[in-house]
Amino acid sequence: MALNHHPQNILKLVMAIIGLCLAISDHINLVQGELQTLTHHPVAKVQDSADGLLSFLVVGDWGRKGTYNQSQVAFQMGRIGEKLDIDFVISTGDNFYDKGLIDEHDPAFEDSFTNIYTATSLQKPWYTVLGNHDYRGNALAQLSPLLKLKDSKWVCLKSFILDADIAELFFIDTTPFQDNYFTDPGDQVYDWRGIFPRREYLSNLLKDLDMALRESTAKWKIVVGHHPIKSNGHHGDTQELVAQLLPILQANDVDFYINGHDHCLEHISSQDSPLQFFTSGGGSKAWSGDMSAINSEATKFYYDGQGFMSMQITEVDVQVLFYDVFGRALHKWSTSKWLYSIL
Ligand SMILES: *[C@@H]1O[C@H](CO)[C@@H](O)[C@H](O)[C@H]1NC(C)=O
């Protein structure tokens, strides 16, 4: 028999075709490098689920084994975190000074993180990105699943999406954007594993972000990175991000960009769009008096001491607060979207 129509052989052929299709689609996913999506549904909060309140704290530039007021900031975060019944914490990077972690077994992980943020209210997921100082150590160590075994609240990826129902948060790996880390690294050695070819890494990341933002149906879109787009602090604006990232945020109606890197707390508004810029980089050593002051007309708040930020989000409004080392509210700002939702 030349043609074998035995059902078993047809089944084998179908299985082989399905297998081939799966292999191809796997490959396509790999090539596109789509951003991994985590979900955070605040279902555990019974009393809040009715009004759909999402709240979290933001801290950056912190890991100094408790010194430079890191422990004081941590204590106040615990207090405010309890008061606001937070869902999670965001770390804007520079998690471990001065050169990230040596490896997964580096005791700095416990000394600067687990043994510092001990309050009950802070035992929530910490959604974390890497800063330039983290890249000066073993950058991949901070992404290791071993750290999550040591401390289950640690969630660190290079770039990822967090779906939290009413808000969607897009975490972006901003360090590889900055040209002078590559062209003029000085004495610094960066762990660029996984970044090369750099041009492709950056263009894939921006393409994936653009696509994910365009597809997002969340009420509030928030982008988080280590480096500021706009800042009055020591580092000032990051030109690479102004040129490459900002147009994507504006084109997709992103509400907020949140960052660290400059060791201060600040709020800068936009002249030409509703986009707000928040810097929360006051987790430990602050740079008092070190300003570049180039966004003065749009600056709503600037504080050069230590502290952190909170954000409370509902379907219709958002409230942002900045706090100092004594837990005092320094700046309060809110916005509402209810007018748009009626239309
Ligand atoms: C700790 O915070 C206080 C109050 O802002 C400040 O006066 C002091 O200089 C800070 N200490 C350090 C080491 O940064």
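## Exercises on a predicted model

The residues that surround the ligand are Y68, N69, A286, G305, Q306, D324 and V325. The coordinates come from a predicted model.

### Exercise 1. The ligand shell

Task: State how many nonpolar, polar and charged residues the shell around the ligand has.

Solution.
- Step 1. The members to classify are Y68, N69, A286, G305, Q306, D324 and V325.
- Step 2. Sorting by class gives 3 nonpolar, 3 polar and 1 charged residues.

### Exercise 2. The annotated positions

Task: Find which residues the UniProt annotation "binding site" covers, and determine whether D94 and H263 count as buried or exposed.

Solution.
- Step 1. According to the unreviewed UniProt entry, the "binding site" annotation covers D61, D94, Y97 and H263. These positions are spread over 203 residues of sequence, yet they cluster in space, with a largest C-alpha distance of 13.0 Å.
- Step 2. D94 is placed in the loop between strand 3 (88-91) and helix 4 (108-114). H263 is in the loop that runs between strand 9 (256-259) and strand 10 (265-269).
- Step 3. The threshold for a buried residue is 20 or more other C-beta atoms within 10 Å. D94 counts as buried because it has 30 C-beta neighbours inside 10 Å. H263 has 26 such neighbours inside 10 Å and therefore also counts as buried.
- Step 4. Leaving out residues up to four places away in sequence, D94 touches G60, D61, G131, H133, D134, H226 and G260. With that exclusion, the contacts of H263 are D61, G281, G282, K285, A286 and W287. D61 thus appears in the contacts of D94 and in those of H263. A286, a contact of H263, is also one of the residues around the ligand.

### Exercise 3. The open sheet

Task: Give the order of the 7 strands in the open sheet, then describe the pairing around strand 2.

Solution.
- Step 1. The order is 5-4-3-2-13-14-15, with mixed pairing. Strand 5 (154-156) and strand 15 (329-336) are the edges, each pairing on one side only. From one strand to the next the twist averages 20°.
- Step 2. Strand 2 pairs with strand 13 in the antiparallel sense over 5 bridges, and L54 stands opposite I313 there.
- Step 3. With strand 3, strand 2 pairs in the parallel sense over 4 bridges; F56 has F88 as its bridge partner.
- Step 4. Strand 3 in turn runs parallel to strand 4 (residues 126-128), joined by 3 bridges. In this pair I90 stands opposite Y127.

### Exercise 4. Cover on strand 2

Task: Work out how many residues of strand 2 are buried and which way they point.

Solution.
- Step 1. Of the 6 residues in strand 2, 6 are buried.
- Step 2. In a regular strand the side chains alternate between the two faces of the sheet. Here L54, F56 and V58 point one way, while S55, L57 and V59 point the other way.
- Step 3. Helix 3 (residues 70-83) lies across strand 2 (54-59), strand 13 (308-313) and strand 14 (317-323), at about 175° to strand 2.

### Exercise 5. An edge-strand residue

Task: Decide whether C156 is buried or exposed, and list its contacts.

Solution.
- Step 1. C156 belongs to strand 5, an edge strand of the sheet.
- Step 2. C156 counts as buried because 22 C-beta neighbours lie inside 10 Å.
- Step 3. Not counting residues up to four places away in sequence, C156 touches T128, Q142 and L143.

Technical notes: Residues numbered from 1 in each chain as written. Predicted model: local features only at pLDDT ≥ 70, side-chain atom pairs only at ≥ 80, totals over all residues. Near = placed C-beta within 6 Å. Nonpolar A, V, L, I, M, F, W, Y, C, P; charged D, E, K, R; others polar. UniProt positions renumbered as here; feature names shortened; annotations may be inferred. Helix = DSSP H or I, 4+ residues; strand = E, 2+ residues; numbered from the N terminus. Buried ≥ 20, exposed ≤ 12 C-beta atoms within 10 Å, placed from the backbone. Contact = placed C-beta atoms within 7 Å. Pairing = 2+ DSSP bridges. Axes fitted to C-alpha atoms, helices over the stretch in contact; angles between N-to-C directions.
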